[in-house]
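Dear colleague,

I am passing on the structure we spoke about, with the sequence alongside. Please look it over first, and then read the notes that follow.

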Amino acid sequence: MLTSSLVFQSASVTGFDIIKYQPIAKPYHCAIPSYHYLMKIKCIIFWAFTVSSFITTGFSQTQVSIKSAFDSSELSFASIFNLTKKIYSSANQGGIFKIPAKEKCSFRISYIGYDDLNFIPKSNKLFDTIYLIRKSSSLPEVLVQSCKFTHEEKITNFTKTKREEPSGGVMCTRGESNGKAAVHIVANKTPAKLMSLSFWLYKFNFMPEYAVNSPFLISFFSYSKKTKLPDELIYEKPVFYFPNEVGKQTLTIDSLNIYIPKEGIYVCFEYIMDERYQWEEKTKASIIVHQGILMAGSNSEGYDSEGHELAFFDYKLNSWAQPKTPKIALAAIKINGTIKIETVYHYCKD
């Protein structure tokens with residue numbers, strides 16, 4: 001079913017985990033003996049204070065629940081872009097996000113496999129529910145041969161040298177870009193089945209320890225021959241990944257049954273925005289809010305960009321674009337601002 005999701009919990013993944021929800025606290029109950037008048041008064045005062053606090057707190061914000069119009073299921077970690085303030089954020093595991101009551105902003109709500117929806121909250125509502133509609137677009141066709149995909153091939157875009165520190169990469173900056181990036185991957189033989197995907201996380205000394213646990217939402221797109229950018233979704237379910245350490249991150253994803261055509265596909269990494277994993281960088285002009293750590297990128301190790309081109313999603317324009325940074329063309333190692341990545345494929349015997 002479209003609304004189901006995969007939750008990857010560790011650096012090496014072979015199965016699923018279930019997201020556990022915290023139970024809602026039960027309302028306060030006060031049992032008062034009729035003969036104890038003083039305690040009864042205290043209980044009434046406490047109850048009145050509790051209700052007053054709830055009303056005061058409730059009217060200070062609007063709680064919005066994002067659900068599927070198909071089956072009313074909660075859409076965990078839905079993507080939210082504040083069109084007024086140009087800031088990207090995420091709903092929580094229960095598909096809920098909160099808006100200050102005095103904040104008059106418009107939002108774009110997005111979720112994998114669903115149509116986007118623009119939303120303007122009503123200041124007089126404490127609670128609101130948004131229903132997203134499933135996409136009706138057809139997926140690109142991939143011809144699969146009648147054989148067993150047993151022959152394995154590993155493709156990497158780097159060569160190990162003495163220097164191993166990354167001098168560039170991809171990380172998240174809270175704003176209209178850099179929260180969502182995609183890497184083009186290809187197989188030498190087609191059709192090929194994608195068995196596993198690996199990428200690397202690197203933490204500089206100035207990054208906080210907790211930043212490594214910043215979660216990702218991973219998705220897969222077809223490759224547009226016209227624009228050379230991500231095109232249509234080829235797997236319409238969200239894949240959540242929660243890293244717990246730096247270094248190589250490997251996702252075993254053969255169960256997704258993703259087949260690679262001749263032109264390849266794009267793998268998209270999107271940060272699930274959460275204040276627990278954010279940190280500030282102070283500059284002379286402003287304070288920049290970052291989340292997570294570095295996805296290791298181009299350096300003197302030589303991460304080959306040919307066939308591993310990088311694309312960024314611009315939340316303001318709601319479209320994909322090539323990196324704005326100038327491309328570095330070095331014939332010896334073909335550095336082009338991509339990230340370090342490794343893929344394993346199975347293909348049919350000739």
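**What was found**

Cys 105 lies in the loop between β6 (96-100) and β7 (107-110), and this is a convenient place to start, with the caution that the model is a predicted one. The cysteine is buried, since its relative accessible area is 6%, which falls under the 20% cut-off for that class. If neighbours within four places in sequence are set aside, Cys 105 is in contact with Asn 82, Thr 84, Lys 85, Phe 119, Ile 120 and Pro 121. Of these partners, Phe 119 stands 14 residues away in sequence, with 8.9 Å between the two C-alpha atoms.

The loop leads on to a sheet. β5, β4, β7 and β8 form an open sheet of 4 strands in the order β5-β4-β7-β8, and the pairing is antiparallel. Because β5 (87-90) and β8 (117-119) stand at the edges with a single partner strand each, one side of each is left without a neighbour in the sheet. From one strand to the next, the twist averages 25 degrees. Strand β4 (residues 79-82) pairs with β5 over 4 bridges, in the antiparallel sense, and Phe 81 stands opposite Tyr 88 in β5. Both Phe 81 and Tyr 88 also belong to one aromatic cluster, together with Phe 221, Phe 313, Tyr 315 and Trp 320.

Aromatic contacts occur elsewhere too, and a search of the whole structure finds 18 aromatic pairs. In one of them, the rings of Phe 199 and Phe 216 have their centres 5.7 Å apart and their planes at 80 degrees, so the pair is edge-to-face. Phe 199 lies in strand β13 (residues 192-202) and Phe 216 in strand β14 (residues 216-223), so the pair ties together parts that are 17 residues apart in sequence. Phe 199 is buried, with a relative accessible area of 0%, and Phe 216 also counts as buried, at 2% relative accessibility. The ring of Phe 216 pairs with that of Tyr 271 as well; here the centres are 4.8 Å apart and the planes are at 40 degrees, so this pair is tilted. That second pair links distant parts of the chain, with Phe 216 in strand β14 and Tyr 271 in strand β19 (residues 265-271), 55 residues apart. Tyr 271 is likewise buried, having a relative accessible area of 2%.

Two charged side chains sit over aromatic rings. Arg 134 lies over the face of Phe 70, at 4.3 Å from the ring centre, while the charged end of Lys 340 sits over the ring of Trp 200, 4.5 Å from its centre.

Some care over confidence is needed when you go through the coordinates. The mean pLDDT of the protein is 75, and 69% of its residues reach 70 or more. Over residues 9-58, pLDDT stays under 50, and the model has 39 contacts beyond four places in sequence for this stretch. Residues 326-336 also have pLDDT that stays under 50, with 19 such contacts beyond four places in sequence. Where pLDDT is low, the predicted coordinates should not be read in detail.

With best wishes

Conventions
Residues numbered from 1 in each chain as written. Heavy atoms only, no water. Pairing = 2+ DSSP bridges. Helix = DSSP H or I, 4+ residues; strand = E, 2+ residues; numbered from the N terminus. Axes fitted to C-alpha atoms, helices over the stretch in contact; angles between N-to-C directions. Buried < 20%, exposed > 50% of the residue type's maximum accessible area, 1.4 Å probe, protein only. Contact = heavy atoms within 4.5 Å. pLDDT = per-residue confidence, 0-100. Phe/Tyr/Trp six-rings, centres within 6.5 Å; stacked < 30°, edge-to-face > 60°. Lys NZ or Arg CZ within 6 Å of the ring centre and 35° of its normal.
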